[in-house]
Amino acid sequence: PRRHIIARNESLFPALVAEGIPKATALNWVAELKKHHDVSRVMPGQELLIYEETNPGGKTEFVRLELPLDSFETLYVQKKGAGSESGKTIRPHVVTHRVVHGKVKTSFWESGLDVGLTNSNIIVVSDVLESDIDFNHDVHPGDTFAILLREKRAGAELLEPGRVMAARVILKGQSAPKEFWAVRYEGVPG
């Protein structure tokens with residue numbers, strides 16, 4: 001496939017036309033994709049995959065367009081007979097859970113990175129527990145933590161980095177250790 005990277009201030013229709021797709025085909029394909037996703041919000045850096053075939057007369061025809069939305073969802077529209085069909089493919093994946101344990105050496109941030117947490121994971125834990133823990137002053141070397149992460153994988157490939165589902169931080173403290181917990185709730189609000 002030919003690749004087109006969406007530029008700043010570029011929308012889908014002009015991107016397709018710039019790639020040589022006839023305006024009528026581009027308009028039809030955008031309308032087809034809109035059935036499955038709001039394509040008016042393509043982002044700079046998003047990739048389009050454009051598939052072409054050469055017909056028996058030697059003319060190049062555009063036969064398929066793919067717009068990956070993330071690591072496991074892709075919108076597509078393709079030529080089918082005299083018309084076209086569109087849809088969304090979802091890459092098969094499994095949801096796994098992993099617990100990351102750590103002991104603070106210098107700071108919670110550095111120790112979190114050392115055991116494989118992402119910057120985003122560390123920020124989530126810090127934000128959720130900020131009413132109980134001042135991560136700049138209350139956390140000291142020797143304090144421990146355990147973070148439960150939910151990940152999406154296709155085989156060995158990580159499709160979506162770990163999302164913090166629960167966290168436990170134990171501060172040794174001056175007198176007795178204090179344990180702090182946070183658990184993500186993903187139910188119906190109310």
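# A tour from Glu 160 through the β6–β9 sheet

Start by selecting Glu 160, which is partly exposed, with a relative accessible area of 25%. The model on screen is predicted.

**Stop 1: the partner of Glu 160.** Add Lys 152 to the selection. Lys 152 stands opposite Glu 160, a residue of β8. The two also form a salt bridge, in which the closest N and O atoms are 4.0 Å apart. Is Lys 152 buried or exposed? Its relative accessibility is 18%, and Lys 152 counts as buried, because the cut-off for buried is under 20%. Glu 160, at 25%, is partly exposed.

**Stop 2: the β7–β8 hairpin.** Now select residues 144–154, strand β7, together with residues 157–171, strand β8. These strands run antiparallel and are joined by 10 bridges. They form a hairpin with 2 residues between them. Pick Gly 155 in the turn: its phi is positive, at about 65°. Beside the turn, look at Ala 154, which stands opposite Glu 157 in β8.

**Stop 3: from Glu 157 to Arg 91.** Keep Glu 157 and add Arg 91. Their side chains meet in a salt bridge, at 2.5 Å from N to O. Where in the chain do the two residues of this pair lie? Glu 157 is in strand β8, while Arg 91 is in the loop between β5 (83–90) and β6; the two are 66 residues apart, and the pair links distant parts of the chain. Glu 157 is partly exposed, with a relative accessible area of 40%, and Arg 91 is also partly exposed, with a value of 33%.

**Stop 4: the whole sheet.** Widen the selection to β6, β7, β8 and β9. These 4 strands form an open sheet in the order β6-β7-β8-β9, with antiparallel pairing. Why does the sheet have sides without a neighbour? β6 (94–103) and β9 (178–183) stand at the edges with a single partner strand each, so one side of each is left without a neighbour in the sheet. From one strand to the next, the twist averages 25°. Between β8 and β9 there are 6 bridges, again in the antiparallel sense. To find one of the paired positions, select Arg 168, whose bridge partner in β9 is Trp 181.

**Stop 5: the helix across the sheet.** Select residues 119–128, helix α4. This helix lies across β7, β8 and β9, and runs at about 35° to β8.

**Stop 6: a nonpolar patch.** Show the surface of Trp 109, Leu 113 and Ile 123, which make a nonpolar surface patch of about 250 Å². Trp 109 is in helix α3 (residues 108–114). It is partly exposed, with a relative accessible area of 35%.

**Stop 7: a salt bridge between β3 and β4.** The structure holds 14 salt bridges. For another of them, select Glu 61 and Lys 79, whose side chains meet at 3.3 Å, N to O. Glu 61 lies in strand β3 (residues 60–68) and Lys 79 in strand β4 (residues 73–80), so the pair ties together parts that are 18 residues apart in sequence. Both ends can be checked on the surface: Glu 61 is partly exposed at a relative accessible area of 25%, and Lys 79 is partly exposed at 39%.

Notes: Residues numbered from 1 in each chain as written. Predicted model: local features only at pLDDT ≥ 70, side-chain atom pairs only at ≥ 80, totals over all residues. Heavy atoms only, no water. Pairing = 2+ DSSP bridges. Axes fitted to C-alpha atoms, helices over the stretch in contact; angles between N-to-C directions. Contact = heavy atoms within 4.5 Å. Buried < 20%, exposed > 50% of the residue type's maximum accessible area, 1.4 Å probe, protein only. Patch = residues over 30% accessible without salt bridge, like charges linked within 9 Å, V, L, I, M, F, W, Y side chains within 5 Å. Areas by Shrake-Rupley, 256 points an atom, 1.4 Å probe, with all protein chains shown as cover.
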